[in-house]
Amino acid sequence: MGALLSCFSDGEETKRRLPPGRRRGGVTSSAMAAAGALGSSERWRRPGRKEMSEEALIHEQALAAAAAIVLQHNGSGGGAAAVPFDRSTSLRHPGPGQKKQALPRSSSSRPRSLADQVLQPQQLVNQEIKVDDLETKNIVLVNGGGFGAWCWYKTIALLEDSGFKVNAIDLAGSGIHSFDTNKITSISEYADPLTSFLENLSDGEKVILVGHDFGGACISYVMEMFPHKVAKAVFLCAAMLTNGCSILDMFSQQADTNDLLRQAQMFVYSNGKDQPPTAINLDKALLKDLLFNQSPAKDVSLALVSMRPIPFAPTLEKLSLSDEKYGSVQRFYIETTEDNAIPLSLQQSMCEANPPEKVFRLKGSDHSPFFSKPQALHKLLVEIARIPSTQVS
């Protein structure tokens, strides 16, 4: 995620498009030195509680989600690649006597043009959904760095209630996936659960990929491998890279602009301090301000007991993306305006360097819109699923 990369800039502004490089980037001595120079953050402490006016129902659901994670981990050994979430842990519609909250309104962030049309807010609400008429009703949710399938519990419930078939993937070393994060050395290893899922799709079956944060690099990787299996790709405040670019290259643009990102990082050296870092932890005392500054306290509590380390090596790997494969898939970007991990300015920079078909904006959302703006996010995902497929040259 953006938080784990801000500290590696050498002071030079990263070019938006870089020449194609090796797919598996090695860990350089300069990156190791930069990581070592940062040291570690302050001791871990729990963030202060914030009184919020959420309904008691959501509180119970967040606790149920945390309990489900523990039970799944203890019962399954953590080896599952795609974990359908127990519906009892998901957000449901208000029951009798409960007040239904108004849906936040979303709009495009860019000027109207033939290539990038603006969707009016009224187009995103109160539309009858006929999923059987869509190119695909299969949506695959891909977690970001440190997150897991657990973070999508509200989105899963809302999409399933709308008739979609939803799979939430735990990337390697994420969620209940048992692989050791410190042993992940490439994006191919990190994205292996997603790759395996797509490989096992039936002939002619397509999905809509939704990648959050670091998951954006992973969906880009599989778009290059399986363009015929991906109907659409949605980058949710995610790393949307250009050919020959790494996550480190992209996020180094903001290295000197946000002290919070720098302070939150704590490097893990499982091979010894004389070797490159193997993973990155985030200081729990800073998670609220960094990732969940607009999210309900109940979901922050869920995240604090569920997040795992972020693999270090994949952040240095330069992706090889072609116009013929990656470029043939329809891409959409969803911006988040109150994001402290990947600031709006950096999201816009990625969209300018690698323009998607359309850009949407979630106003008032932090880096975790599945917590802070779940219904608005749901409406955007439904709207994107309804957009007719086009042949992208």
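A contact here means heavy atoms within 4.5 Å. The structure described is a predicted model.

The chain has 13 helices and 10 strands. Of its 393 residues, 56% count as buried. Contacts with a separation of 6 or more are dominated by distant pairs: residues 24 or more positions apart account for 80% of them.

Confidence varies along the chain. The average pLDDT is 78, and 65% of the residues score at least 70. Two stretches stay under 50. One of them is residues 2-53, for which the model has 121 contacts beyond four places in sequence. The other is residues 100-126, with 53 such contacts. Where pLDDT is low, the predicted coordinates should not be read in detail.

Helix α9 spans residues 284-291, and six of its eight residues are buried, so this helix is largely enclosed by the rest of the structure. The buried residues are A285, L286, L287, K288, L290 and L291. K288 is thus listed among the buried positions of α9, together with A285 and the leucines L286, L287, L290 and L291. The cover over these buried residues includes α8 (259-264), β7 (279-282) and α10 (297-304). The N-terminal end of α9 is capped by D283. A side-chain oxygen of D283 lies 3.0 Å from the backbone nitrogen of A285.

Helix α10, part of the cover over α9, is itself largely enclosed by the rest of the structure, because six of its eight residues are buried. The buried positions in α10 are K298, D299, V300, L302, A303 and L304. K298 and D299 thus appear in this buried set alongside V300, L302, A303 and L304.

Two packed helices are described by the angle between their axes and the distance between the axes. Helix α5 (residues 192-199) packs against helix α6 (residues 215-225) at an angle of about 35°. The axes of α5 and α6 are 10 Å apart. Their crossing is right-handed. From α5, the contact is made by L194, T195 and L198; from α6, by C218, I219, Y221, V222 and M225. By class, seven of the contact residues are nonpolar and one is polar, while none is charged. An α-helix has 3.6 residues a turn, so residues three or four places apart point the same way. In the α5 contact set, L194 and L198 both appear. In the α6 set, C218, Y221, V222 and M225 are included.

The elements around α6 supply further detail. Strand β4 (207-212) precedes the loop that leads to α6, and D213 is found in that loop. Most residues other than glycine have a negative phi, and most peptide bonds are trans. D213 has a positive phi of about 60° although it is not a glycine. D213 is buried, with a relative accessible area of 0%.

H212 lies in strand β4. At 0% relative accessibility, H212 also counts as buried. Beyond four places in sequence, H212 touches V142, N143, G144, F147, W152, L236, C237, A238, H367 and F370. H212 and F370 are 158 residues apart in sequence, yet their C-alpha atoms are 9.8 Å apart in space.

C237, one of the residues touched by H212, sits in the loop between β5 (230-236) and α7 (247-251). The phi of C237 is near 35°, again a positive value in a residue other than glycine. C237 counts as buried, at 0% relative accessibility.

On the other side of α6, P227 lies in the loop between α6 and β5. Not counting residues up to four places away in sequence, P227 touches V222, K325, S328 and V329. V222 also belongs to the α5–α6 contact. P227 and S328 are 101 residues apart along the chain, with their C-alpha atoms separated by 6.9 Å.

Strand β9 (residues 330-336) contains Q330. Q330 is buried, with a relative accessible area of 3%. The C-alpha atoms of Q330 and K232 are separated by 4.9 Å, although these residues are 98 apart along the chain. The side chain of Q330 reaches the backbone oxygen of P388 at 3.3 Å.

Note on methods. Residues numbered from 1 in each chain as written. Heavy atoms only, no water. Buried < 20%, exposed > 50% of the residue type's maximum accessible area, 1.4 Å probe, protein only. Helix = DSSP H or I, 4+ residues; strand = E, 2+ residues; numbered from the N terminus. Polar contact = N/O pair within 3.5 Å; in protein donor to acceptor, adjacent residues only side chain to side chain. Axes fitted to C-alpha atoms, helices over the stretch in contact; angles between N-to-C directions. Left-handed = near helix turned anticlockwise from the far one by under 90°. Nonpolar A, V, L, I, M, F, W, Y, C, P; charged D, E, K, R; others polar. pLDDT = per-residue confidence, 0-100.
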